[in-house]
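Here is a short briefing to read alongside the sequence and the 3D view. Have the viewer open, and we will go through charged pairs, helices and a surface patch in turn.

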Amino acid sequence: MSARDVVHGPRRRRRLRRPARAVLGGAVGALVLGVVPPAAAQEEAAPGYPGQAADWSPGDKDGFGTAIGALDSRVWYTLNDGTLSEVYAPRIDTPSSRDTQLVVTDGATFADREDEDTESVVELVDPRALVYRQTNTATSGRYRITKTYTTDPDRSAVLVDVQVESLDGQPYQVYVLHDVGLGLNANDDTGRSADGRLLATDGALSSAVASSGGLTDTSSGYLERSDGWSDLRDDFVLDDTWDAPTPGNVVQIGRTGLTGLDGAQRLTLALGFGTTEDEAAQAADQALDRGFGAALQAYTDGWHGYLDGLAPAPASVGEWRTEYDVSAMVLAASEDKTFRGGFVASPGKPWAWANELQHLPVYHEVWSRDLYQVASGLQAMGDVAAANRALDHLWTVQQRPDGSFPQNARLDGEPVFGGLQMDEVALPIVLAWQLGRTGPEDWARIRLSADFLVAEGPETDQERWENLGGWSPNTIAAEIAGLVTAADVAQANGDDARAQTYLATADRWRAELPGWTVTTNGPLSSEPYYLRITADGNADAGTQIQISDGGPLVDQRTVLDPSFLDLVRFGIVPADDPAVLNTLRLIDEQLGYDTANGRFWHRASFDGYGEKADGTQWEPVDPGSGETIGRGWPLLTGERGEYELVTGASAQERLDTMARSADDASFFLAEQVWDDRPPSAEGTEFVPGEPTFSATPLAWSHAVFLRLARAIDAGRPVDTPDVVACRYGSSLCQG
């Protein structure tokens, strides 16, 4: 992605055509899901329940938005492949639709759906608001569809301004296709028609799809058994209309009044949500009554006001101001509106998480570690209030009675995965210290987690990449920083005994760190270097460890990871330590690669968490198969820049590289970018240094971008705890 802050015209989304889904996509127009009107005459019950099993839309999103600060508008929209993909409501961890798109047919010779039969261009309409527009042109050249999205700041409804233009002068029939997908289980919905609207419920959540011109020929059926798209696909005519009264995977359809000719080109769609069908219908109807223009104005005014209230943008982003503002907005939009302070990692699920493992609520959940990263980004951009809410969420929702934290959790604190990661126990302590939260109430929380670290550390069941256990330099960096900051708070609260215990433990772990994590006899170098992890706490032992995601069984001394640099950023180890310098040399040789956008690094040796060699999705594979390939992580480029600032070097090129790697259309930063291994190649859809199909946007990536931008202006990392740096003689000490 190159500098592009002067012109904000449409940009083509780089995307791979995915295999056609033999089911519905999603119809979009000016569409509202909301209030349930009086019931109309009931259609016959659709056959074929429960239908084909549900899955979710791909996780590399082209657009994402919500009304900032509007707590009555508990709805978030996402875009993917020309469609409105998941809408989250009433919480950002709860998908309440799979996708919504338009179907165009002439009723005789063809039926097209947007995700399969158009070329889509995505545009950020306003560089200071999360307003996105899709322009989808039929590959046949017959028509063009333009859709602009907003949410209504006063209610839980998504509004879509829809324009359909016939490009060949022929009239067409235009349908809205809506894949219901209420809640985490999209196989237990019912659906019906009511006065030109499409209503659905799973008993706990409900949706309504409405159009400014009303819908006719409405039908609710079961995916690939009796849904409207399957009907149209067969003979280009909607032969049957149904209700779906038995729970299943429900897909709905309704015909609009659009033809693509003058006078029948424009409408507004609304998707409304509520607990009951009546509430959902009311939300949709009221949003339509307000109108798209008024809702959009209030929505954009909200985002402009939010950005105006932040700290002035750092000089380092002069060329990348839109990227900076979008990064700030992505973080702000990732916060829930019921469980305030709960920020999800990403508004979607990539790869097999969306289909083969679709029952797991992954990525649109809260990780303590990711929440620390988000909070550091929030502080860097000047939203300290949101960073404090994040800490409140960690203390009051996630922290367990013993001081530990779940690996990840839903917004209400329900654990998702069962791992224990000690950095996730330590980082909330560091965050509390950074925010100056040192009073009695916070001290009680800090004490719980610090005591847990002393009792259970430094070994961790999982490190930050979540698939290896043992002694990790990255995890131990967080633990030492957590204990030293906890000691400072303990002293402020008169608990000198605990302070001494915390400091003695931190000092001992720092002293023993080389033996645990720095090998002196490894096969990669004759000089000492840091390892990703040791299974037995002996860095000179050739203990075999199994690399996950299809990786091999290898000598732990052959596995590198750039994450050890947190030891420098937190002020625990000097930047010019010989083992640090030697490890960086090895990492550059073995994990780094150059692209037109700049330099990136893989997260670890033998990593397999990424697409296969043919570009198809990551999915669970057999150990040692090597079928999946981990790619480069832009956030590691940002972390390298933070390290370089410690050495006195410039990090501007690292910031520029991150910005160039963002999606050209959405300005979103992905979890991963293509590397120098198959199928990557210039001139293909797998361009090195450009986003893969990984989770996009990834809040952690955006947080590191914001943090690095601020750090460049400061001349040093901005989240280094000074009390840690000063204790260990780091050049970062300002005390």
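Which residue forms a salt bridge with E123, and how far apart are the closest N and O atoms? The partner is R133, with 3.6 Å between those atoms. Please keep in mind that this is a predicted model.

**Salt bridges**

- Across the whole structure, a search finds 49 salt bridges.
- E123 sits in strand β8 (residues 118–124) and R133 in strand β9 (residues 132–138), so their pairing ties together parts that are 10 residues apart in sequence.
- E123 is buried because its relative accessible area, 13%, is under the 20% limit; R133, at 24% relative accessibility, counts as partly exposed.
- D161 and R266 also meet through their side chains, in a salt bridge of 2.7 Å from N to O. This pair links distant parts of the chain, with D161 in strand β11 (residues 157–166) and R266 in strand β19 (residues 266–274), 105 residues apart.
- D161 is buried, with a relative accessible area of 13%, whereas R266 is exposed at 51%.
- A further salt bridge joins R192 and E277, whose closest N and O atoms are 2.8 Å apart. Here a strand meets a helix: R192 belongs to β13 (residues 189–194) and E277 to α3 (residues 277–290), 85 residues apart.
- R192 counts as partly exposed at 23% relative accessibility, while E277 is buried at 15%.
- D566, R569, E642, R707 and D719 are joined into one network by salt bridges that share partners.

**Two covered helices**

- Helix α5 (residues 321–333) has 13 residues and reaches 18 Å from its first C-alpha to its last, close to the 18 Å expected at 1.5 Å a residue.
- In α5, 12 of the 13 residues are buried, among them Y324, M329 and L331. The charged residues E323 and D325 are on the buried list too.
- Helix α6 (residues 368–381) has 14 residues, which should span 20 Å at 1.5 Å a residue; its end C-alpha atoms are 20 Å apart, so the two values agree.
- α6 is also mostly covered, with 13 of its 14 residues buried.
- After α6 comes G382, which has a positive phi near 105°.

**A negative surface patch**

- E44, D234, D235, D239 and D240 form a negative patch on the surface.
- E44 is placed in the loop between β2 (31–32) and β3 (63–65).
- With a relative accessible area of 60%, E44 is exposed, because the cut-off for that class is over 50%.

Methods
Residues numbered from 1 in each chain as written. Predicted model: local features only at pLDDT ≥ 70, side-chain atom pairs only at ≥ 80, totals over all residues. Heavy atoms only, no water. Patch = residues over 30% accessible without salt bridge, like charges linked within 9 Å, V, L, I, M, F, W, Y side chains within 5 Å. Areas by Shrake-Rupley, 256 points an atom, 1.4 Å probe, with all protein chains shown as cover. Salt bridge = Lys/Arg side-chain N within 4 Å of Asp/Glu carboxyl O. Lys, Arg positive; Asp, Glu negative; His and termini not counted. Charge placed at Lys NZ, Arg CZ, Asp CG, Glu CD. Helix = DSSP H or I, 4+ residues; strand = E, 2+ residues; numbered from the N terminus. Buried < 20%, exposed > 50% of the residue type's maximum accessible area, 1.4 Å probe, protein only. Expected span 1.5 Å × (residues − 1).
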